[in-house]
Amino acid sequence: MSEFSHLDEGGEVRMVDVSSKPGTLRVARASGYIAMRPETMNMLQENRVPKGNVLTTAKVAGIQAAKQTAHLIPLCHQLNLSFVDIGFAFEAGRILISASVSTRESTGVEMEALTAVTVAALTIYDMCKAVDRSMEIGGVRLEAKKGGKTGLADAPRPKAAVLVVSDSVSAGRAEDRSGTMLLEGLAGAGCAVEPLGIVPDEPTAIVSAVDGMLVSGVELLVTTGGTGLGPRDVTVDALLPKFTRRLPGVEQALFQWGQGKVRTAMLSRLAAGTIGDCVVICLPGSRGAAADALEVLLPTIFHAFDMIRGGGH
């Protein structure tokens, strides 16, 4: 069972920290209904309700409510919404209300969509209560959500492996700082993972380990370490000749996100590409770079395997 994200270790409420999450397109759609007598629906359709145009007012109220969600629900984040729309449909004995909300932020907009539906329904109730006290609001629920970690829920999860490239870790003089984090992140995202690989900063050792992983059927390989400017930083040099394609968009996304946090990220020589049907991503050896990569890559990178198999965009 998943833990509640709005509770800390002591069981106290907390606001989820989304500072490290990249902004992406996020969309949510919610729906609900307000049931009423047939004669009330006729008055509403014919614009004979004493208080005025009910649905236009309810639409404006729903849009305003979506924009005010963070002020109404304590632990919601303030978001810059890029689109809000409210729709109405007449059914037998009730009006169906739908709301669509979009943003390019670092957290989702499902609460904004649900709030929009609820307030639109309350507005209809308020404007019609003088002629119908039997009205009932119900069925408010989230219909769909796109973007973030759930945005590619159906994308296939590849067989994954992580290779730590480090003289000191390989010799036992230092502890692995990033490989385990990457492996646990990939496993948590649904990937079948191979045991962690560790090799020294030697081109032949790196190539041999990668070749072995490819033979075992690994589809997503992440290396950590050996991407800097030091004389022993040879991971990229060893693997670039094996790349059949480069993935500049992945490289740019990782560079951009890293530089937004640490200026020296510009000195990294991280690389991304494919070796046959295997996606290979070469990352710096720090825990920060590993955490950034998990934030940027998952789950979007999984769509690559649909494309490799001919599924297109």
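These notebook entries record what I looked up in the structure.

**Entry 1. The chain as a whole**

I noted at the outset that this is a predicted model. I counted 11 helices and 11 strands in the chain. The chain has 313 residues, and buried residues make up 41% of them. I then looked up the contacts between residues at least 6 apart in sequence, of which 75% join residues at least 24 apart. For the surface, I recorded an exposed area of about 16,200 Å², with carbon and sulfur atoms supplying 54% of it.

**Entry 2. The nonpolar cores**

Nonpolar side chains tend to be buried together in soluble globular proteins. I therefore turned to the cores, with that general tendency in mind. The largest nonpolar core holds 31 residues, and the members that touch the most others are Met36, Leu44, Ile97 and Ile124. I listed the elements that give two or more residues to this core: strands S1 (24-35), S2 (81-91) and S3 (94-105), together with helices H1 (38-45), H2 (54-67) and H4. Helix H4 supplies the largest share, nine residues. Apart from this core I found another one, of 27 residues, including Leu182, Leu183, Ala272 and Ile281.

**Entry 3. Helix H1 and leucine 44**

Which residues of H1 are buried? I recorded Thr40, Met41, Met43 and Leu44. Viewed down the axis of H1, these buried residues fall within an arc of 160 degrees, so they line one face of the helix. I next looked up what covers the buried residues of H1, and the cover includes H2, S2, S3 and H4.

I followed leucine 44 further, leaving aside its neighbours within four places in sequence. Leucine 44 is in contact with Met36, Val49, Val54, Leu55, Phe90, Ile95, Ile124 and Cys128. Among these partners, Met36 and Ile124 also appear with Leu44 in the list of core residues that touch the most other members.

**Entry 4. Asparagine 47**

I looked next at what follows H1 and found asparagine 47. Asparagine 47 lies in the loop between H1 and H2. Its phi is positive, about 55 degrees, although asparagine 47 is not a glycine. Its relative accessible area is 45%, so I entered asparagine 47 as partly exposed.

**Entry 5. Leucine 122 and a surface patch**

I located leucine 122 in helix H4 (residues 110-128). Leucine 122 has 47% relative accessibility and therefore counts as partly exposed. Together with Ile137 and Val140, Leu122 makes a nonpolar surface patch of about 210 Å². Helix H4 thus enters these notes twice, because it holds leucine 122 and because it also gives the largest share of the largest nonpolar core, whose members are buried by definition.

**Entry 6. Threonine 235**

Is threonine 235 buried or exposed? I placed this residue in helix H8 (residues 235-239). Threonine 235 has 0% relative accessibility and so counts as buried, the limit being under 20%. I then looked up its contacts, leaving aside neighbours within four places in sequence. Threonine 235 is in contact with Val165, Ile206, Thr223, Gly225, Gly226 and Cys282.

**Entry 7. A cis peptide bond**

Lastly, I looked up the peptide bond from leucine 298 to proline 299, which is cis, with omega near 5 degrees. Proline 299 lies in the loop between helix H10 (287-297) and helix H11 (303-308).

Conventions
Residues are numbered from 1 along each chain as its sequence is written. This is a predicted model: local features need pLDDT of at least 70, side-chain atom pairs count only at pLDDT 80 or more; totals for chains, interfaces and linings use all residues. Side-chain values use heavy atoms; hydrogens and water are left out. Patches are made of residues with over 30% relative accessible area and no salt bridge: like charges are joined within 9 Å, nonpolar side chains (Val, Leu, Ile, Met, Phe, Trp, Tyr) within 5 Å. Accessible areas come from the Shrake-Rupley method with a 1.4 Å probe; for residues, only the protein chains shown count as cover. A salt bridge is a side-chain nitrogen of Lys or Arg within 4 Å of a carboxyl oxygen of Asp or Glu. Helices (H or I, at least four residues) and strands (E, at least two) are DSSP runs, numbered from the N terminus. Buried means under 20% relative accessible area, exposed over 50%, partly exposed in between (1.4 Å probe, protein chains only). Contact means heavy atoms within 4.5 Å. A nonpolar core is a set of buried Ala, Val, Leu, Ile, Met, Phe, Trp, Tyr and Cys residues joined through side-chain atoms within 4.5 Å. The arc is that of the directions from the helix axis to the C-beta atoms.
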